[in-house]
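Colleague: Could we go through the nonpolar residues of this model together? I would like to start at the surface.

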Amino acid sequence: MGLLVMILGLIVFFGVHTLTIQRKLRAQVIAATGEGGYKIGYALASFAGLALIIWGFAHYRAAGMWPIWEPPTFLKHVTVALMLPAVIMVVASYIRGRIYTTLKHPMLTGIKLWAAAHLLANGDLGSIILFGSFLAWAVYDRISLKSRSDAGAPPIPVGGPGNDLIAIAVGIVAYLALAFAFHPVVIGVPVVGA
C-alpha cells in the first residue's frame, strides 16, 4: 500500500511541476485562477504530492522493502560524498555566483546528482522508483529548458565569487543538518555508519 501511495505522490508532485514546463497550459490556468490562485494551487499540490511521497515511502520501508540488488558498501560512502556538492548546487541556484553561471541550472544538476547518488546506494524497488523518477524528471526538465522562450520566474541577481563562498558555506551547513538531523530522524536511516 505504501508503494502505491508514494507513486500517487510522485504523480501529483511531478504533474504540478510539469505544468510549469507546459507554458500555454500554465498561462491558461493563470488566466482562469489568477496569479495568486495559481501559486496557491501549485504550492498546495506540491506539498500534497511531497507529503504522499514521504508517507508512502515511510510505510513501504516499514512494511519491508523489496530488494532488487544489493549495492556494495563502498557505494554508500560514494553517496555520502556526492551529497555535499549536490546540496551546494541547490543552494547556488538561489545564491547566484559563478557556480550558477557555470552550471546554468544548478538546481537541476543538484537534483540529478542527489537522485543518481541515492540510486547507487539503494537497490530496493521503492528507492529505484523514487530516485529514478526524480532523476528522469530533472533530465526531462533540463531538456525542456532548451525549447522555452521565457525564464518562467523573475530573475535573481547574479553576484560574484563572494556569492559562491556564501553558497558553499550555506551548503555545508545544510548538508550537515540533512545528514545528522533530517536523514536519521525523518528518513530513519543514519548517514554515518549506514
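Colleague: Is Phe182 buried or exposed?
Modeller: Phe182 counts as partly exposed, because its relative accessibility is 35%; buried means under 20% relative accessible area and exposed over 50%, with partly exposed in between (1.4 Å probe, protein chains only). This is a predicted model, in which local features need pLDDT of at least 70, side-chain atom pairs count only at pLDDT 80 or more, and totals for chains, interfaces and linings use all residues. Residues are numbered from 1 along each chain as its sequence is written, and side-chain values use heavy atoms, leaving out hydrogens and water.

Colleague: Which helix holds Phe182?
Modeller: Phe182 lies in helix α7 (helices are DSSP runs of H or I, at least four residues, numbered from the N terminus).

Colleague: What does the nonpolar patch on the surface consist of?
Modeller: Leu50, Ile54, Leu178, Phe182, Val185, Val186 and Ile187 form it, with about 570 Å² of accessible area together. Patch residues have over 30% relative accessible area and no salt bridge, and nonpolar side chains are joined within 5 Å. α7 (161–187) and α2 each supply at least two residues, and α7 gives the most, with 5 residues.

Colleague: Turning inward, how many residues has the largest nonpolar core?
Modeller: That core has 18 residues, being a set of buried nonpolar residues joined through side-chain atoms within 4.5 Å. Among those with the most contacts inside it are Met6, Phe14 and Trp137.

Colleague: Which element gives the most to this core?
Modeller: α6 does, with 6 residues.

Conventions: Patches are made of residues with over 30% relative accessible area and no salt bridge: like charges are joined within 9 Å, nonpolar side chains (Val, Leu, Ile, Met, Phe, Trp, Tyr) within 5 Å. Accessible areas come from the Shrake-Rupley method with a 1.4 Å probe; for residues, only the protein chains shown count as cover. A salt bridge is a side-chain nitrogen of Lys or Arg within 4 Å of a carboxyl oxygen of Asp or Glu.
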